[in-house]
Amino acid sequence: MSNTKIQFRLPEDMKDAAMRQAAESGISMNLFVATAVAARVGARAEAERYFTARGSRTTPARAKALLMRLGTPGAVQDDDRLDSADDPAPPSGRRPRPGVA
């Protein structure tokens, strides 16, 4: 594994807090940041693995049946419906809730 040098910007107060925590842990700022990045990358990879495995154990029909049993009648919003997936989402990727700006 080779190392790569990068530069990035942090707000001054965040940099100060990171430097303080690194010093309290007795490690360099470089190791502190590398450890934080590794933890984030690992957590995301684990979440992707977990949800992929969970998703492969069911079908959309079974998920819909479960939601129909557990839902509160009358509480379904238009953007909560599984059959509205073919409606285009706004550029942000989130659908607006009816009546909410």
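1. A residue is called exposed when its relative accessible area is over 50%, buried when that value is under 20%, and partly exposed in between. Phe51, with a relative accessible area of 58%, is therefore exposed. The structure under discussion is a predicted model, and the points below should be read with that in mind.

2. Overall architecture. The protein contains three helices and zero strands. Along the sequence the pattern reads α-α-α. Of the 101 residues in the protein, 3% are buried. The area that the protein exposes is about 9300 Å², and 58% of this area is supplied by carbon and sulfur atoms.

3. Helix α1. This helix covers residues 12-25. Its 14 residues should span 20 Å at 1.5 Å a residue, and because the end C-alpha atoms are indeed 20 Å apart, the expected and modelled values agree. The student may wish to check how the expected value arises: the expected span is 1.5 Å times one less than the number of residues. Just after α1, Gly26 takes a positive phi of about 75 degrees.

4. The salt bridge in helix α1. How many salt bridges are there in the model? The count comes to three. One of them joins the side chains of Glu12 and Lys15, with an N to O distance of 3.5 Å. Both residues belong to helix α1 and lie three residues apart, about one turn of the helix. Lys15 has a relative accessibility of 31%, so this residue counts as partly exposed.

5. A general remark on spacing. An α-helix has 3.6 residues a turn, so residues three or four places apart point the same way. This remark is useful for the pairs in the next two points.

6. Arg44 and Glu48 in helix α2. Helix α2 covers residues 29-55. Within it, Arg44 and Glu48 are four residues apart, about one turn of the helix, and their side chains meet in a salt bridge at 3.3 Å, N to O. Are these two residues exposed or partly exposed? Arg44 counts as exposed because its relative accessibility is 54%, while Glu48, at 46%, counts as partly exposed.

7. Arg49 and Glu46 in helix α2. A further salt bridge links the side chains of Arg49 and Glu46, with an N to O distance of 2.6 Å. These residues are three apart in helix α2, so about one helical turn separates them. Arg49 is partly exposed, its relative accessible area being 47%. Glu46 is also partly exposed, with a value of 40%.

8. The aromatic pair. The model has one aromatic pair. It is formed by Tyr50 and Phe51, whose ring centres lie 5.0 Å apart and whose planes make an angle of 80 degrees. Why is the arrangement called edge-to-face? Planes over 60 degrees apart count as edge-to-face, and the angle here is 80 degrees, so the pair falls in that class. Tyr50 has a relative accessibility of 38% and therefore counts as partly exposed, whereas Phe51, at 58%, is exposed.

9. A nonpolar patch on the surface. Which residues form this patch? They are Ile6, Phe8, Leu10 and Met14, and together they have about 410 Å² of accessible area. Met14 lies in helix α1. With a relative accessibility of 47%, Met14 counts as partly exposed.

Note on methods
Residues are numbered from 1 along each chain as its sequence is written. This is a predicted model: local features need pLDDT of at least 70, side-chain atom pairs count only at pLDDT 80 or more; totals for chains, interfaces and linings use all residues. Side-chain values use heavy atoms; hydrogens and water are left out. A salt bridge is a side-chain nitrogen of Lys or Arg within 4 Å of a carboxyl oxygen of Asp or Glu. Helices (H or I, at least four residues) and strands (E, at least two) are DSSP runs, numbered from the N terminus. Buried means under 20% relative accessible area, exposed over 50%, partly exposed in between (1.4 Å probe, protein chains only). Rings of Phe, Tyr and Trp (its six-membered ring) pair if their centres lie within 6.5 Å; planes under 30 degrees apart count as stacked, over 60 as edge-to-face and the rest as tilted. Accessible areas come from the Shrake-Rupley method with a 1.4 Å probe; for residues, only the protein chains shown count as cover. Patches are made of residues with over 30% relative accessible area and no salt bridge: like charges are joined within 9 Å, nonpolar side chains (Val, Leu, Ile, Met, Phe, Trp, Tyr) within 5 Å.
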